[in-house]
Amino acid sequence: MFNLELPPFNAETWAILGTLLLLEGLLSADNALVLAVMVRHLGGDLARKALAYGIGGAVVLRILGVLLASYVLEYWWLRAFGALYLAYLAISHFTKRGHSEDEAAASARGRGFWATVVLLNLTDLAFSVDSILAGVALIPRDMPREQGLTIVVIGGVMGLILMRIAATLFLKLLNRYPALDNVAYALVGWIAVKLGVETLEAAHEHFAWVPTLHMPQPVFWGVMAVIAGMGTYLATRQPAMSAARAERKAEAIVGELDATVADAADGRIDGR
């Protein structure tokens, strides 16, 4: 079920990995920002202990998500749910009011320790599903499942690595240019369209009455390039803060994450 096989490293594979790198970086940074904000109302050791559970949940859920991706690649009706979910994410992002940081703080405010931990892990689940489904959707339908799953695994590993190693860079970018979040979700929306079209193709093979469409790969990647290029240009025209302030804010959040991991590792977070 979980056999892996290296895909051919052609231009399309590198384009998929590059897209995953961008999406994983932005979504992982957003995840780290939200987790740090959601525990602040607890204060002190309780906040760091809750954050430790949140970071642990992010790792576990990402691993489970990669394993479940095998089923999504195999069954067309699961891909249909994935397409609908990704479309919902993109639409809700552009129709909701307020910033994700403000919403995260408001949703967690007043909650006790365990209620906050549960909310953190539900948030982790949402981010894990987002990134894993985006990885699945980028896989060409005619690619062998073992090769597609390998790409999804690579994307999941990149997400875990980026959550720490490149967290400062992506958090700095999001702090300075918050509209980059819009670029990420616009890409997710277009990826949902691709997955939806491929789902109709797969369903048509089983049910002749299902209408079928086809999206040529050059069209898909052409629109992706336009969204990424134009979106980035527009997002970076008006920075929300100076580069120095954005970097300080990013380093503060990453510092919280690092301190939490260190305390969890040596036992201080549980008072031992």
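## Exercises on a helical model

Let's start with one residue: beyond its neighbours within four places in sequence, L138 touches I16, T19, L20, I191, K194, F220, W221 and M224, where contact means heavy atoms within 4.5 Å. This is a predicted model, in which local features need pLDDT of at least 70, side-chain atom pairs count only at pLDDT 80 or more, and totals for chains, interfaces and linings use all residues. Residues are numbered from 1 along each chain as its sequence is written, and side-chain values use heavy atoms, with hydrogens and water left out.

**Exercise 1.** Work out which residues of the largest nonpolar core touch the most other members.

*Solution.* Start with the term: a nonpolar core is a set of buried Ala, Val, Leu, Ile, Met, Phe, Trp, Tyr and Cys residues joined through side-chain atoms within 4.5 Å. Buried means under 20% relative accessible area, exposed over 50%, partly exposed in between (1.4 Å probe, protein chains only). Next, go through the 51 members: L23, L86, L138, I151, I191, F220 and M224 touch the most others. Then look at helix α8 (residues 180–206), which gives this core the most, 11 residues. Last, there's a second, separate core of 14 residues, with V34, I55, F113 and V117 among them.

**Exercise 2.** Find out whether E198 and T150 are buried or exposed, and what they touch.

*Solution.* Take E198 first. E198 sits in helix α8 and is buried, at a relative accessible area of 6%. Skipping neighbours within four places in sequence, E198 is in contact with R79, A137, I139, P140 and R141. Now for T150, in helix α6 (residues 145–162). T150 is buried too, at 7%. With neighbours within four places again left out, T150 meets L4, E5, L6 and P7.

**Exercise 3.** Describe the whole protein chain and say how confident the predictor is.

*Solution.* Count the elements: 10 helices and 0 strands. Both kinds are DSSP runs numbered from the N terminus (helices H or I, at least four residues; strands E, at least two). Of the 272 residues, 47% are buried. Among contacts with a separation of 6 or more, 86% are between residues 24 or more positions apart. Finally, check pLDDT, the predictor's confidence in each residue, from 0 to 100. The chain's mean is 77, and 83% of its residues reach 70 or more. By element, helix α9 (residues 217–235) has the highest mean, 90, and helix α4 (residues 100–108) the lowest, 61. Where pLDDT is low, don't read the predicted coordinates in detail.
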